[in-house]
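Here are a few exercises to work through with the model open on your screen. Try each task before you read its solution.

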Amino acid sequence: MKLFLMTIMAAGLMSCSSPQQGDTKVKTISATEYKAHHEKIDNKEVMLVDVRTPAEFEAGHLEKTQHTDFLSGEFEKEMQHWDKNKTYYLYCASGNRSGKAAKMMEEAGFENVYNVGGYLDLKSAGLPVKE
């Protein structure tokens, strides 16, 4: 009986320490790391997506950006029509919404999704903006 209980306890401990299926970790890169990729943005194979509100977007955004508001639910609807084979770089004001959006995309089967953080960090890194 003692051996049986020890076996059950060991199995329980092992199951708690192993990663859960479907537990995706969003890939994050810094503004300076992203800068090296920015020239490849062509909206054919690579897409840059600003997930901020329309007012935030109008106040300033990176060039070559597609805008789709995460908070309004627009993002969730639009991403369903996007090509899962493309590479996506997402940003917002701080990296929070873009992180949530990236996780949503990964859970939907997108494999090449990166959270590149906040707009001001990207702008400070010297990326071209429209204001």
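**Exercise 1. Find the strand that runs parallel to β2 over three bridges, and name the partner of Asp 50 there.**

Solution. Start at β2 (residues 46-50); strands here are DSSP E runs of at least two residues and helices are H or I runs of at least four, numbered from the N terminus. Three bridges tie β2 to β4 (residues 65-67), in parallel; strands pair if DSSP finds at least two bridges between them. Within β4, Asp 50 is bridged to His 67. Next, go to β5 (residues 87-92): β2 pairs with β5 too, again in the parallel sense, over five bridges. There, the bridge partner of Asp 50 is Tyr 91.

A word on the model: it is predicted, so to speak of local features takes a pLDDT of at least 70 and side-chain atom pairs count only at pLDDT 80 or more, while totals for chains, interfaces and linings use all residues. Numbering runs from 1 along each chain as its sequence is written, and side-chain values use heavy atoms, with hydrogens and water left out.

**Exercise 2. Work out which way the β2 side chains point, and whether they are buried or exposed.**

Solution. In a regular strand, side chains alternate between the two faces of the sheet. Val 46, Leu 48 and Asp 50 go one way, Met 47 and Val 49 the other, and all are buried (under 20% relative accessible area; exposed is over 50%, partly exposed in between, with a 1.4 Å probe and protein chains only). Five of the five residues are buried, so β2 is largely enclosed by the rest of the structure.

**Exercise 3. Classify the ring pairs that involve Trp 82 and Phe 75 or Tyr 88.**

Solution. Rings of Phe, Tyr and Trp (its six-membered ring) pair if their centres lie within 6.5 Å; planes under 30 degrees apart are stacked, over 60 edge-to-face, the rest tilted. The whole structure has seven aromatic pairs. For Phe 75 and Trp 82, the centres are 5.6 Å apart and the planes at 80°, so call that pair edge-to-face. For Trp 82 and Tyr 88, it's 5.5 Å and 15°, so that pair is stacked. Finally, zoom out: ring pairs link Phe 70, Phe 75, Trp 82, Tyr 88 and Phe 110 into a cluster.

**Exercise 4. Find what Met 105 touches, not counting residues up to four places away in sequence.**

Solution. Look for contacts, meaning heavy atoms within 4.5 Å. You should get Phe 75, Met 79, Trp 82, Tyr 88, Leu 90, Phe 110 and Val 113.
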